[in-house]
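Could you walk me through this model in the viewer? I would like to know what to select at each stop and what to look for there.

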Amino acid sequence: MTREGVAAVDRALTILDVFIDGGGSLTLTDISKRSGFYKSTTLRLAESLEKFGYLRRLEDGTYRLGPKPLYLGSLYQKHFRSADLVVPVLRKLVNELQEGASFFVREKDSRVCLHRVDAPRSVRDSVHEGDSLPLRIGASGHVMLAFSGETGAKYDAIRRSLHEVSVGERDPEIGAVAAPVFSIGQELAGVISVSGPKYRFSDDKVAQIIPILAQHAATLSEALGGRWPGTDGPAR
């Protein structure tokens with residue numbers, strides 16, 4: 001594809017992006033203002049997108065998303081496997097920090113380990129895929145509660161800092177740092193955590209873990225269609 005062709009694709013995708021927070025149908029003028037394109041350019045792109053089903057022009061002349069994005073979304077959901085996106089991120093965390101990494105999801109009043117990558121060390125914590133752990137004990141559980149609307153000063157602090165640390169809370173010999181992962185619509189997709197023996201979770205080590213964990217939580221959120229707060233990633 002030529003550079004001009006790539007630019008045209010970029011512009012067309014920009015047009016679609018303006019509907020993320022569009023609240024329904026938009027006029028051509030609205031689309032032009034939000035995309036930053038000339039009205040004539042916007043019209044040409046809108047006509048092409050309408051031709052292929054990505055936009056639909058209504059009787060009053062406004063535009064709304066057509067059926068094609070929904071169809072693509074259904075294909076994505078049909079073929080989506082969380083392991084394809086989550087496990088590589090966990091592996092990177094383990095490589096960087098040399099501690100175990102887990103991805104938890106909420107199941108009623110528990111948190112379940114959906115994916116796990118162990119640390120390459122002889123002394124490590126014991127968490128396995130499928131383990132069901134208490135929701136109200138441990139860093140991951142507190143993060144889940146915070147981003148599920150739990151009230152209180154503790155959860156307000158977690159929502160501000162975007163992480164939680166627990167040392168010896170669930171298990172007197174284990175430390176953990178956890179952060180939220182967001183998906184489409186800023187829904188909580190799960191919680192990513194780093195954990196290991198308590199003696200390796202000193203204040204200095206925790207201070208090292210937090211920004212690295214946040215970076216990978218942001219990357220995974222973007223891959224899942226969410227947005228890490230404070231960044232410009234997608235939030236569809």
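Here is a short tour of this predicted model, starting with its sheet and ending at a helix.

**The sheet.** Begin by colouring the strands. Six of them form an open sheet with antiparallel pairing, in the order S5-S4-S3-S8-S7-S6. Now pick out S5 (132-134) and S6 (164-167): these strands stand at the edges with a single partner strand each, so one side of each has no neighbour in the sheet. Turn the view to follow the twist, which averages 35° from one strand to the next.

**A strand pair.** Next, select residues 174-182 and 188-197. These are strands S7 and S8, which pair in the antiparallel sense over nine bridges. As a landmark, find Pro180, which stands opposite Val191 in S8.

**Helices on the sheet.** Keep the sheet visible and add residues 82-97, helix H5, which packs on the sheet. H5 touches S3 (100-107), S4 (110-117) and S8, and its direction makes about 70° with that of S4. Then add helix H6, residues 139-146, which also packs on the sheet. The strands H6 touches are S3, S4, S6, S7 and S8, and its direction makes about 30° with that of S7.

**Last stop: H2.** Select residues 28-35 and show the side chains. Which residues of H2 are buried? They are Leu28, Ile31, Ser32 and Ser35. Look down the axis: these residues cover an arc of only 100°, which puts them on the same side of H2. In general, an α-helix has 3.6 residues a turn, so residues three or four places apart point the same way. Finally, click on Gly36, which follows H2 and has a positive phi, near 85°.

Notes. Residues are numbered from 1 along each chain as its sequence is written. This is a predicted model: local features need pLDDT of at least 70, side-chain atom pairs count only at pLDDT 80 or more; totals for chains, interfaces and linings use all residues. Side-chain values use heavy atoms; hydrogens and water are left out. Two strands pair if DSSP finds at least two bridges between them. Helices (H or I, at least four residues) and strands (E, at least two) are DSSP runs, numbered from the N terminus. Axes are lines fitted to C-alpha atoms, for helices over the stretch in contact, and angles run from 0 to 180 degrees between N-to-C directions. Contact means heavy atoms within 4.5 Å. Buried means under 20% relative accessible area, exposed over 50%, partly exposed in between (1.4 Å probe, protein chains only). The arc is that of the directions from the helix axis to the C-beta atoms.
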